[in-house]
Amino acid sequence: MEPRPTPQARARADHRPQVDPACAGCPQLGLLRALRRSGVAAEGRLSCEPGHGLHLAEAVRGEARLLVLAGPDEPALTARPGWPAGPARVERIHPGALPEVEAALRRALEGPGLTVLVAVAPCVLGAARAAPLAIHEARCNRCGGCLGLGCPAISDQGGEALVIDPAVCTGCGRCAPLCRGRAIGPALTPVPG
């Protein structure tokens, strides 16, 4: 008998979309993933959280300065104390477009001067849901790529495959491109026999 696979840890969860099941499918999960992968700590909170502003992260690498503003509404861009005077590059990104977000972060952290990344996307709370997705056990190689998104609908329970909770999944599909085994797709419905 083969030993049962050891469960993998999900991405560090310290923001509401990563811990609140109602936030599964949040478009800001892609931005939070990209920040983690680039080594930038997300310091603030998303503005969809009551009582929090748009400021999500600040970083300094050599001559590069980065400010990330994220939330459901367009922010008012104002000068921040401690940042260099002069023009800033302002780049608007769609937080769910993973390759574009990661490329924008790389450009911001490699170039000199101040870059302000603005990630505006509607909150998923109360939005219409699509059919939930599933991880098909025969194709899952347990690589954990989907766990890196930090979505509260995805977990590793130590079985043959990772699991998407159909009661939590919004069907957004943000996890599917991260799956190296192409195991994420529509839930299979049993054929009546």
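This briefing looks at two spots in the structure above: the strands around strand 2, and the loop residue Asp 156. Please keep in mind that the model is predicted. Strand 2 covers residues 64–71 and pairs with strand 1 as well as with strand 4. Asp 156, for its part, sits in the loop between strand 6 and strand 7.

**Strand 2 and its partners**

- With 7 of its 8 residues buried, strand 2 is largely enclosed by the rest of the structure.
- On one pairing, strand 1 (residues 55–61) runs antiparallel to strand 2, and 6 bridges join them.
- If you would like a landmark for that pairing, Ala 57 stands opposite Val 68 in strand 2.
- The hairpin of strand 1 and strand 2 has 2 residues between the strands, and Gly 62 takes a positive phi near 60° there.
- The pairing with strand 4 (residues 113–120) is in the parallel sense and extends over 8 bridges.
- A handy landmark here is Leu 67, which stands opposite Val 116 in strand 4.

**Asp 156 in its loop**

- The loop that holds Asp 156 links strand 6 (154–155) to strand 7 (163–164).
- Asp 156 has a relative accessible area of 11%, which is under the 20% cut-off, so the residue is buried.
- Its side chain makes a polar contact with the side chain of Arg 142, at 3.0 Å.
- Within reach of the Asp 156 side chain there is also a backbone atom: the nitrogen of Gly 158, at 2.8 Å.

Key: Residues numbered from 1 in each chain as written. Predicted model: local features only at pLDDT ≥ 70, side-chain atom pairs only at ≥ 80, totals over all residues. Heavy atoms only, no water. Helix = DSSP H or I, 4+ residues; strand = E, 2+ residues; numbered from the N terminus. Buried < 20%, exposed > 50% of the residue type's maximum accessible area, 1.4 Å probe, protein only. Polar contact = N/O pair within 3.5 Å; in protein donor to acceptor, adjacent residues only side chain to side chain. Pairing = 2+ DSSP bridges.
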